[in-house]
Amino acid sequence: MTDLSVRLFCLPYAGASARMYEAWARELAPSIVVTPVELPGRGSRANERPVAGTEALLRDLTAFVTRFCDRPFALFGHGLGALLAYEIAARLEWRHDRVAERLYVSGQGAPRSEAGVDELSRLPHEPFLDRVRELYGSARRTFADPEAIGRLLPLMRADFAIAEAYRARAEDVLHCPITALGGRGDASADRARLAGWWAHTRRHCRVRMLPGDHLFPHTAGEQVTDMLAADLNGPGGFLPGGGPVRAYAPLAGRRG
């Protein structure tokens, strides 16, 4: 019997563990194989030291994803995870000739190509904590616990620094569709910022706004998984209305 399942790699937001996707694995199985991608220093990799530097982290995560590319695949990332998922998708295309069925970028505007002014990671402790509480409004109780603050804030500061340091390259244009998701109450990733992802694909880019703040994948999880099931369970390559994305001739000038 032919296996028609698709693998969905899921990357977490700043400070979070990929365990946040465990419920999705149960809800979407067996046709969608949810594969959480854990960053060093948290969750199932809590005993490992966090990787220093964006490039080292991406090498680590891309190697993990590459090992599990045993069937058609898609990537989902929220916040920092969206930037990491995008970069992993680009590396899989250009270095391994593996094109994703779809990239889901959630709660994160399109990557910048130039330095920005919003450097949350450099703020002093109290202003940093205030901004985190504002951003992660639905998890406000977590940041009222001194023990949780002591455990999470250093990790979050490091994660925000990675996101702020990341710069997209003009030639990093994917050959898979992109779906950009945002919470209607999340000012950090409004529709206009999400729409900027269109510049990073040669296919189509769809923007969907869901109820909730920055952490809407937790509060509107059922709507997200319903969308994933509808997209990835479609016949003929798992994408509604079209066949699978195939290999292509790499563009000149792309990094090797």
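1. Let's start with a loop. Asp97 sits in the loop between H3 and strand E4 (103-106). This is a predicted model, so please read each point below as a description of that model. Asp97 has a positive phi of about 55 degrees, although it is not a glycine. For background, most residues other than glycine have a negative phi. Is Asp97 buried or exposed? Neither label fits: its relative accessibility is 42%, and because buried means under 20% and exposed over 50%, Asp97 counts as partly exposed.

2. Another loop deserves a look. Pro30 lies in the loop between helix H1 (22-28) and strand E2 (32-36). The peptide bond that joins Ala29 and Pro30 is cis, with omega at about 0 degrees. Most peptide bonds are trans.

3. Now step back to the whole chain. How many helices and strands does the chain have? There are 8 helices and 6 strands. Try tracing them along the sequence with the pattern β-α-β-α-β-α-β-α-α-β-α-β-α-α in hand. The chain has 256 residues, and 52% of them count as buried. Among contacts in the chain with a separation of 6 or more, 77% are between residues 24 or more positions apart.

4. Helix H5 (146-165) is a good one to check by hand. It has 20 residues, and at 1.5 Å a residue these should span 28 Å; the end C-alpha atoms are 28 Å apart, so the two values agree. H5 also has a kink of about 35 degrees at Leu152, shortly before the proline Pro154.

5. What covers the buried residues of H5? The cover includes H2, H3 and helix H4 (125-135). Among the buried residues of H5 are Ile149, Leu152, Leu153, Met156, Phe160, Ile162 and Ala163. The charged residues Asp159 and Glu164 are buried in H5 too.

6. Finally, look for empty space inside. Rolling a probe the size of a water molecule over the atoms shows where such space is left. A search of the whole structure finds 1 cavity of 30 Å³ or more, and the largest cavity has a volume of about 40 Å³. Which helices each supply at least two residues of its lining? They are helix H2 (54-67), helix H3 (80-96) and helix H5 (146-165). H3 gives the largest share, 4 residues. The lining includes Thr54, Leu58, Glu87 and Tyr166, and its residues divide into 7 nonpolar, 1 polar and 1 charged. Ile162 and Ala163 are worth finding on screen: both line the largest cavity, and both are buried in H5.

Key. Residues numbered from 1 in each chain as written. Predicted model: local features only at pLDDT ≥ 70, side-chain atom pairs only at ≥ 80, totals over all residues. Heavy atoms only, no water. 1 Å grid on protein atoms, 1.4 Å probe; cavity = no way out; pocket = protein on both sides within 12 Å on 5 of 7 lines; lining within 4 Å. Points joined across faces, edges and corners; volume = space filled by probe spheres on them. Expected span 1.5 Å × (residues − 1). Bend = angle between axes of the 7 residues up to and from the residue. Buried < 20%, exposed > 50% of the residue type's maximum accessible area, 1.4 Å probe, protein only. Contact = heavy atoms within 4.5 Å.
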